[in-house]
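Reader: I have a structure open and don't know where to start. Can we go through it piece by piece?

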Amino acid sequence: MAQQQPFKDHWTQEAYSTSASFVPELATTIVQWLNPQPQDRILDLGCGNGVLTAKLKESCASVTGVDASANLVFAAKRAYGSIPGLSFHDQDCRFLDRWVNFQEGAYTKVFSNAALHWILCDPSTRASVLRNAYNLLKLGGTFAFEMGGAGNVAEVHTALMAALTHQGVGIEVARELSPWFFPSEVQVKHMLETVGFTVEKTELEYRPTRLTSEEKGGIEGWVKLMGAQFLEVLDSDSKREAAVKEICELLKTVITHEEDDSMFLGYVRLRVLAKKPA
């Protein structure tokens, strides 16, 4: 898996809304687990374009969104920056302790949706990410998150690595390029308990997810956006386009529903509710 690489911003508001607009729309369960209350001060790790962050603000005192993508943070500020009690910050969540606004015990709840499988990819910073979340919470505070779990998008993950090997990339290199960490319930529970959290509940759900039908979206848009870190190892646009075409053709039969030609990826969602002891 990728280790200690400088963050490269592949994200744009256009690409995200075209290929991944379903992400905040499918967060109902984890928001229920978070259970935002009028007095809550919430930190949203990996807030993206702020759609869900702004929704959370409707139920609580304040929400602070942080994300490593300057492009998405800019989009969030432009769309929601005028809302009182809502703020967005360009900050790599792997290094929250370097954030100018880092303050122990500042938040009643820490939240994350569909971001920690990116943030926790680097094994060398996993423990510190969770420890920083712990330290940012007040005593008795809640950490609620949803991320990709073991087996998430296995079909496209396999196709990405296969396409790279067909372009001459060694299989070990292809494995190391993966920007994702998809843990089991057992592994994530152990990681959280190691830094001091009490894990109240976990859930692993197989949730096939319909891809967008937007122009420049669908499986091609998904692969180009979510698989950008894999593809950038290829040294020409023609090789990258050939790899994307191969992936799409390889997956077409597997992910397409014949009745309407809609396409679904095999998402596996890992949800966790943990507490910092009072």
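Author: Start with a term: a nonpolar core is a set of buried Ala, Val, Leu, Ile, Met, Phe, Trp, Tyr and Cys residues joined through side-chain atoms within 4.5 Å. Keep in mind that this is a predicted model.

Reader: ok, so which residues touch the most other members in the largest nonpolar core?

Author: Val 156, Ile 219, Trp 222, Val 223, Ile 247 and Leu 265 do, in a core of 35 residues. Two or more residues come from each of helix H2 (22–25), helix H8 (154–166), H11, H12, H13 and E8.

Reader: what does Val 156 touch?

Author: Leaving out residues up to four places away in sequence, Val 156 touches Ile 219, Trp 222, Val 223, Ile 247, Leu 251 and Leu 265. There is also a second, separate core of 32 residues, and Ile 119, Tyr 134, Val 195 and Val 272 are among them.

Reader: Switching topic. How much space lies in the second largest pocket?

Author: About 430 Å³. The pocket is lined by 19 residues, and His 10, Ala 15, Gly 221, Lys 224 and Leu 225 are the closest to its centre. H1, helix H11 (218–226), helix H12 (228–231) and helix H13 (237–255) each give two or more residues to the lining.

Reader: and what classes of residue has that lining?

Author: Nine charged, five polar and five nonpolar residues.

Reader: Now Thr 18. Where is the place of that one?

Author: Thr 18 sits in helix H1, residues 13–19.

Reader: Buried or exposed, and why?

Author: Thr 18 counts as buried because its relative accessibility is 13%, and the cut-off for buried is under 20%. Its side chain reaches the backbone oxygen of Glu 14 at 2.7 Å. Not counting residues up to four places away in sequence, Thr 18 touches Thr 212, Glu 214, Glu 215, Lys 216 and Gly 217.

Reader: Last thing. Which sign does phi of Asn 35 have, positive or negative?

Author: Positive: phi of Asn 35 is near 55°, in a residue other than glycine. Most residues other than glycine have a negative phi. Asn 35 lies in the loop between helix H3 (28–34) and strand E1 (41–45), and it is partly exposed, with a relative accessible area of 42%.

Reader: what about Asp 261, what is phi near there?

Author: Phi of Asp 261 is near 65°, again a positive value in a residue other than glycine. Asp 261 is in the loop between strand E7 (256–257) and strand E8 (262–275). Asp 261 counts as exposed because its relative accessible area is 58%, and exposed means over 50%.

Terms used
Residues are numbered from 1 along each chain as its sequence is written. This is a predicted model: local features need pLDDT of at least 70, side-chain atom pairs count only at pLDDT 80 or more; totals for chains, interfaces and linings use all residues. Side-chain values use heavy atoms; hydrogens and water are left out. Helices (H or I, at least four residues) and strands (E, at least two) are DSSP runs, numbered from the N terminus. Buried means under 20% relative accessible area, exposed over 50%, partly exposed in between (1.4 Å probe, protein chains only). A polar contact is a pair of N or O atoms within 3.5 Å; within protein, one must be able to donate a hydrogen and the other to accept it, and residues adjacent in sequence count only if both atoms are side-chain atoms. Contact means heavy atoms within 4.5 Å. On a 1 Å grid over the protein atoms alone, a cavity is a set of points where a 1.4 Å probe fits but cannot get out, and a pocket is an open set with protein on both sides within 12 Å along at least five of seven lines; lining residues have an atom within 4 Å of a point. Grid points are joined across faces, edges and corners, and a volume is the space filled by probe spheres set on the points. Ala, Val, Leu, Ile, Met, Phe, Trp, Tyr, Cys and Pro count as nonpolar, Asp, Glu, Lys and Arg as charged, and the others, Gly among them, as polar.
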